[in-house]
Amino acid sequence: MKKIGVLTSGGDAPGMNAAIRAVVRAALSKNMEVMGIYRGYNGLINGDIKPLSVRSVSDVIQHGGTMLYTARCQEFRHEEGLQKAKQTCIENGIEGIVVIGGDGSFRGAADLSARGIPCVGIPGTIDNDIAMSEYTIGYDTAMNTAMELVDKLRDTSQSHDRCSVVEVMGRNAGYIAVNTGIACGATCIIVPEKPWSIEAVCDKIKQTQATGKHHFIVVVSEGVGNSGDIAKQIEEKTGVESRATILGHVQRGGSPTIRDRIAASQLGYYAVQLLFEGKGNRVVGIQNNKIVDYDIQEALSMKKPFEDELYRIADEISF
Ligand code: F6P
């Protein structure tokens, strides 16, 4: 391949810029040109594309967000959108595309690959919910942000003898919740992967209260439901004054941690290597500290195990 494109799609994640940088630099070092495609698949449909030079990715490695902007593109789910995108690639001489995003973005990459434009996906999402990879770009930074914020909440919970119910992101996955929960010493962690009841949560709070503790952290993954309702019920059933805090999009921002920068650099490099070898319809990931790649359909059909042991340990040591 002589010319490739790169885009970011879906929710942004810290480290996406580091991945773009790696893609651009790896491609240029292999004498391939790189086009930046703006606002996800929308850029392909609308022709919002610009060449990226070696210097256009200077000073981005340390920044959150994505210099290429991002979006979720409905039009790309339909044949007409896909054909427009393919036409843009042909007109601009783009022979392959690196797609940085989550599983929705990978479905688009598979669809475009099937129409003759080879794509390689890089897992970029704070949720860590891509089964073929133990790690996704942005996850570490998001967890560190959540941990710092829960630590701050703990200060005020303690001063007021309150229960802080903290809702973290993760869509339908509880990875951010269980890791943040254990790291912050939460009394309870509620995730979609594990059965839970408000009675069990309140019993745990009461048992902990009986040992002399007066403030509590309950970490709730957003996939579970309304954290405000959970806080209300805890207050009603235990008598402990409770407040709900939704951490929200702040978890998606900030300078990427070293783990995210390294993962992004490795995955970006490897994705370009695949296109350089003429391989498409692949997604790259990390398993046992090694970079691996899978067919996109196969990757999408895989199921990621939950961190049952971590969840169990967190529960056993939190009282
Ligand atoms: O997938 C990343 C994520 O931040 C999820 O954790 C969350 O459910 C969702 O995106 C929020 O999406 P939006 O940016 O559209 O509000």
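Biologist: How many salt bridges does the structure hold?

Modeller: Bear in mind that this is a predicted model, where local features need pLDDT of at least 70, side-chain atom pairs count only at pLDDT 80 or more, and totals for chains, interfaces and linings use all residues. Residues are numbered from 1 along each chain as its sequence is written, and side-chain values use heavy atoms, with hydrogens and water left out. A salt bridge here is a side-chain nitrogen of Lys or Arg within 4 Å of a carboxyl oxygen of Asp or Glu. By that rule, the structure holds 13.

Biologist: Take glutamate 79: which residue does its side chain meet in a salt bridge, and what is the N to O distance?

Modeller: Glutamate 79 lies in helix α3 and its partner in the loop between α4 (103-114) and β5 (119-123), so the pair ties together parts 36 residues apart in sequence. Helices (H or I, at least four residues) and strands (E, at least two) are DSSP runs, numbered from the N terminus. The partner is partly exposed, with a relative accessible area of 22%; buried means under 20%, exposed over 50%, and partly exposed in between (1.4 Å probe, protein chains only). The answer is arginine 115, at 2.6 Å.

Biologist: And which residue pairs with aspartate 127 in a salt bridge?

Modeller: Aspartate 127 counts as buried at 8% relative accessibility, and sits in the loop between β5 and α5 (139-160). Its partner is 44 residues away, in the loop between β6 and α6 (175-183), and counts as partly exposed at 44%. With 4.0 Å from N to O, the partner is arginine 171.

Biologist: Which residues do salt bridges with shared partners join into one network?

Modeller: Side chains of opposite charge can pair when their charged atoms come close. Here the bridges share partners, and the network they form consists of Arg162, Glu241 and Arg243.

Biologist: Glutamate 167 is buried yet has no salt bridge, so what is the nearest side chain of opposite charge?

Modeller: Glutamate 167 is in strand β6 (residues 163-168), and its side chain has a polar contact of 2.6 Å with that of serine 227. A polar contact is a pair of N or O atoms within 3.5 Å; within protein, one must be able to donate a hydrogen and the other to accept it, and residues adjacent in sequence count only if both atoms are side-chain atoms. For charge, Lys and Arg count as positive and Asp and Glu as negative, while His and the chain ends are not counted. The nearest opposite charge, 12 Å away, is arginine 252.

Biologist: How many disulfides does the count come to?

Modeller: A disulfide is a pair of cysteine sulfur atoms within 2.5 Å. For cysteine 73, the closest cysteine sulfur is in cysteine 89, 13 Å off and too far for a bond. Cysteine 163 is in no disulfide either, as the nearest cysteine sulfur, that of cysteine 188, is 8.0 Å away. The count comes to zero.

Biologist: What separates the centres of domain 1 and domain 2?

Modeller: The bounds, from an automatic or database domain assignment, are 3-138 + 256-301 for domain 1 and 140-252 for domain 2. With contact meaning heavy atoms within 4.5 Å, 15 residues of domain 1 are in contact with twelve residues of domain 2. Taken over C-alpha atoms, the centres are separated by 34 Å.
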